[in-house]
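Subject: Handover of a structure

Dear colleague,

Please find below the structure that I am handing over to you. An account of what was found in it follows directly after.

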Amino acid sequence: MKERRDSRSEQLYNPLHKRNLAESTANALLANVVTSLPPQTPFTGAGIYAIYYVGDFAAYAAIAAGNRGGLFQNPIYVGKALPPGARKGRYGLGESPGTVLFKRLREHAGSIQQTKHLKLEDFLCRYLVTDDIWIPLAEAVLIERFKPLWNRGVPTNLLPLVDARVKLK
């Protein structure tokens with residue numbers, strides 16, 4: 001017989017709690033299509049993104065296995081692109097963020113192209129343009145959920161050093 005739970009003893013669900021809003025935004029990103037890195041067409045907006053690896057670089061074999069066949073279960077990196085001035089409290093309501101998210105994805109592509117062991121065509125991404133208030137919350141939830149390798153170890157601005165680290169192993 002199935003045990004009935006007393007709903008009075010459970011915590012009240014609040015759909016507007018920041019954790020639930022963050023999960024909702026993260027799930028919206030994960031529902032988006034996966035595309036090339038960087039996307040072929042520039043777009044306007046700030047937001048969050050996930051980068052996926054599908055190549056045959058041995059050090060990333062486990063990550064790639066979870067992304068092949070359209071699964072895309074293991075982002076190698078999760079990041080954000082905030083509007084200019086947002087970190088210093090200078091981002092005004094209703095102002096255009098420009099192409100900050102597109103530019104950030106393009107920067108990642110440029111870093112990858114600087115390596116010897118990685119090919120840009122082995123990387124894909126998905127992204128979500130959203131209001132800047134949701135960006136840090138969703139990024140935190142995604143990093144917590146997936147624990148992406150590049151969020152834990154290799155800083156993307158030092159990505160070319162991946163080659164040096166691989167040679168040392």
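I begin with a single residue, Ala 140, which has its place in helix α4. The model is a predicted one, and all values in this message were computed from it. With a relative accessibility of 43%, Ala 140 counts as partly exposed, because it falls between the limits of under 20% for buried and over 50% for exposed. Along the chain, Ala 140 and Val 78 are 62 residues apart, and their C-alpha atoms are separated by 9.0 Å.

The chain as a whole

The protein chain has 6 helices and 4 strands. Following the sequence, one meets them in the pattern α-β-β-α-β-α-β-α-α-α. The chain comprises 169 residues, of which 38% count as buried. About 10,500 Å² of the protein chain is exposed, and 53% of this area is supplied by carbon and sulfur atoms. If one takes the contacts between residues at least 6 apart in sequence, 76% of them join residues at least 24 apart.

The sheet

The 4 strands form an open sheet in the order β1-β4-β2-β3, and the pairing is antiparallel. At the edges are β1 (35-36) and β3 (75-81), each of which pairs on one side only. Helix α3, residues 100-113, packs on this sheet and touches β2 (47-53), β3 and β4. The direction of α3 makes about 25° with that of β2. Helix α4, residues 135-146, also packs on the sheet, where it touches β2 and β3. Its direction makes about 170° with that of β3.

The pairings may be taken in the order of the sheet. Strand β1 is joined to β4 (residues 123-129) by 2 bridges in the antiparallel sense. In this pairing, Thr 35 stands opposite Cys 125 of β4, and Ser 36 stands opposite Leu 124 of β4. Strands β4 and β2 are antiparallel partners over 7 bridges. Here Ile 51 is found opposite Cys 125 in β4. Cys 125 therefore has Thr 35 opposite it in one pairing and Ile 51 in the other. Finally, β2 and β3 run antiparallel and are joined by 6 bridges, with Ile 48 opposite Lys 80 in β3.Burial in the strands

How far are β2 and β3 enclosed by the rest of the structure? For β2, 7 of the 7 residues are buried, so this strand is largely enclosed by the rest of the structure. In a regular strand, side chains alternate between the two faces of the sheet. Both faces of β2 are covered. Gly 47, Tyr 49, Ile 51 and Tyr 53 are buried on one side, and Ile 48, Ala 50 and Tyr 52 are buried on the other. For β3, 6 of the 7 residues are buried, so β3 is likewise largely enclosed by the rest of the structure.

The contact of α1 with α4

Helix α1, residues 18-31, packs with α4 at an angle of about 75°, and the two axes are 8 Å apart. The two helices are therefore roughly perpendicular to each other. On the side of α1, the residues in this contact are Lys 18, Arg 19, Ala 22, Glu 23, Thr 25, Ala 26, Asn 27, Leu 29 and Leu 30. They meet Leu 137, Ala 138, Val 141, Leu 142, Glu 144, Arg 145 and Phe 146 in α4. By class, the contact is made up of 9 nonpolar, 2 polar and 5 charged residues.

One of the residues in this contact, Thr 25, lies in helix α1. Is Thr 25 buried or exposed? Its relative accessible area is 10%, so Thr 25 is buried. Leaving aside residues up to four places away in sequence, Thr 25 touches Ile 48, Leu 128, Thr 130, Trp 134 and Ala 138.

Yours sincerely

Key. Residues numbered from 1 in each chain as written. Predicted model: local features only at pLDDT ≥ 70, side-chain atom pairs only at ≥ 80, totals over all residues. Heavy atoms only, no water. Pairing = 2+ DSSP bridges. Contact = heavy atoms within 4.5 Å. Axes fitted to C-alpha atoms, helices over the stretch in contact; angles between N-to-C directions. Buried < 20%, exposed > 50% of the residue type's maximum accessible area, 1.4 Å probe, protein only. Areas by Shrake-Rupley, 256 points an atom, 1.4 Å probe, with all protein chains shown as cover. Parallel < 35°, antiparallel > 145°, perpendicular 65-115°, else oblique. Nonpolar A, V, L, I, M, F, W, Y, C, P; charged D, E, K, R; others polar.
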